[in-house]
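The following exercises concern a single protein structure. Each task is followed by a solution that proceeds step by step.

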Amino acid sequence: MGAPIKILLVEDEEFDIITFMQVLQGIDIETDVRVARTGQEAVVKLNDKTWVPNLVLLDQVLPDMSGNDIARLIRVNKINTRIVRLTGHPEKRKSKEDICLVKPCSPAMLELVLRTTDTLHRVTKLSIAFTGSTAVGII
């Protein structure tokens, strides 16, 4: 099996963190999950060049900043990651660029997102192997 999918879960609600972790453990895909409970913690983890997530599961409402602020930071800094917004209020969603999962989301929906990310992760690795360059714009 290839390298695990690196996932940054940005979520402040302990119940949601536990739920997502249980769902992730029940899916037959190898993952490396790190959790950020605040926006500032997410920023620190996103600035760590030794661990770049393939997927960011991003809560929209955090105690210190919004999910929109974090998504903007990801785009401005050109961090090559897929963003999946997590929200209990889809009507307040501002960005149409990212996938949005309504909490609580079904395990099947989260698995679909992970499998898509896993496939894109493998395609990117193959593209790098064949071309010797970074695959940009797949996601």
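**Exercise 1. A pair within one helix**

Task: In this predicted model, describe the salt bridge formed by Asp69 and Arg72 and state whether each partner is buried or exposed.

Solution.
Step 1. The side chains of Asp69 and Arg72 meet in a salt bridge, with an N to O distance of 3.0 Å. This satisfies the cut-off of 4 Å for a salt bridge.
Step 2. Both residues belong to helix α3, where they are three residues apart, about one turn of the helix.
Step 3. Asp69 has a relative accessibility of 33% and therefore counts as partly exposed. Arg72, at 48%, also counts as partly exposed.

**Exercise 2. The other salt bridges**

Task: How many salt bridges does a search of the whole structure find, and what can be said of the pairs Glu14 with Arg37 and Arg34 with Asp32?

Solution.
Step 1. The search finds three salt bridges. As general background, side chains of opposite charge can pair when their charged atoms come close.
Step 2. Glu14 and Arg37 are joined by a salt bridge through their side chains, at 3.4 Å from N to O. This pair links distant parts of the chain: Glu14 is in helix α1 (residues 14–25), while Arg37 is in the loop between β2 (31–36) and α2, 23 residues apart.
Step 3. Glu14 is partly exposed, at 40% relative accessibility, and Arg37 is partly exposed as well, at 35%.
Step 4. Arg34 and Asp32 form a further salt bridge, in which the closest N and O atoms are 3.9 Å apart. Arg34 is partly exposed, with a relative accessible area of 31%, and Asp32 is partly exposed at 24%.

**Exercise 3. Two packed helices**

Task: How are helices α2 and α3 oriented to each other, and which residues meet where they pack?

Solution.
Step 1. Two packed helices are described by the angle between their axes and the distance between the axes.
Step 2. Helix α2 (residues 39–46) and helix α3 (residues 67–76) pack at an angle of about 15°, and their axes are 10 Å apart.
Step 3. Angles under 35 degrees count as roughly parallel, and α2 and α3 are therefore roughly parallel to each other. The crossing of α2 past α3 is right-handed.
Step 4. On the α2 side, the residues in contact are Gly39, Ala42, Val43 and Leu46; they meet Ile70, Leu73 and Ile74 of α3. These contact residues comprise six nonpolar, one polar and no charged.

**Exercise 4. Two loop residues**

Task: Where do Gln60 and Ile79 lie, is each buried or exposed, and which residues does each contact?

Solution.
Step 1. Gln60 is located in the loop between β3 (55–59) and α3. The place of Ile79 is in the loop between α3 and β4 (82–87).
Step 2. Buried means under 20% relative accessible area. Gln60, at 13% relative accessibility, therefore counts as buried. Ile79, with a relative accessible area of 12%, is buried too.
Step 3. Neighbours within four places in sequence are set aside for both residues. The contacts of Gln60 are then Ser66, Gly67, Asn68, Arg85, Leu86 and Thr87. For Ile79, the contacts are Leu46, Val52 and Ile74.
Step 4. The C-alpha atoms of Ile79 and Val52 are separated by 7.8 Å, although these residues are 27 residues apart along the chain.

Notes. Residues are numbered from 1 along each chain as its sequence is written. This is a predicted model: local features need pLDDT of at least 70, side-chain atom pairs count only at pLDDT 80 or more; totals for chains, interfaces and linings use all residues. Side-chain values use heavy atoms; hydrogens and water are left out. Axes are lines fitted to C-alpha atoms, for helices over the stretch in contact, and angles run from 0 to 180 degrees between N-to-C directions. Helices (H or I, at least four residues) and strands (E, at least two) are DSSP runs, numbered from the N terminus. Angles under 35 degrees count as roughly parallel, over 145 as roughly antiparallel, 65 to 115 as roughly perpendicular and the rest as oblique. A crossing is left-handed if the near helix is turned anticlockwise from the far one by less than a right angle, and right-handed if clockwise. Contact means heavy atoms within 4.5 Å. Ala, Val, Leu, Ile, Met, Phe, Trp, Tyr, Cys and Pro count as nonpolar, Asp, Glu, Lys and Arg as charged, and the others, Gly among them, as polar. Buried means under 20% relative accessible area, exposed over 50%, partly exposed in between (1.4 Å probe, protein chains only).
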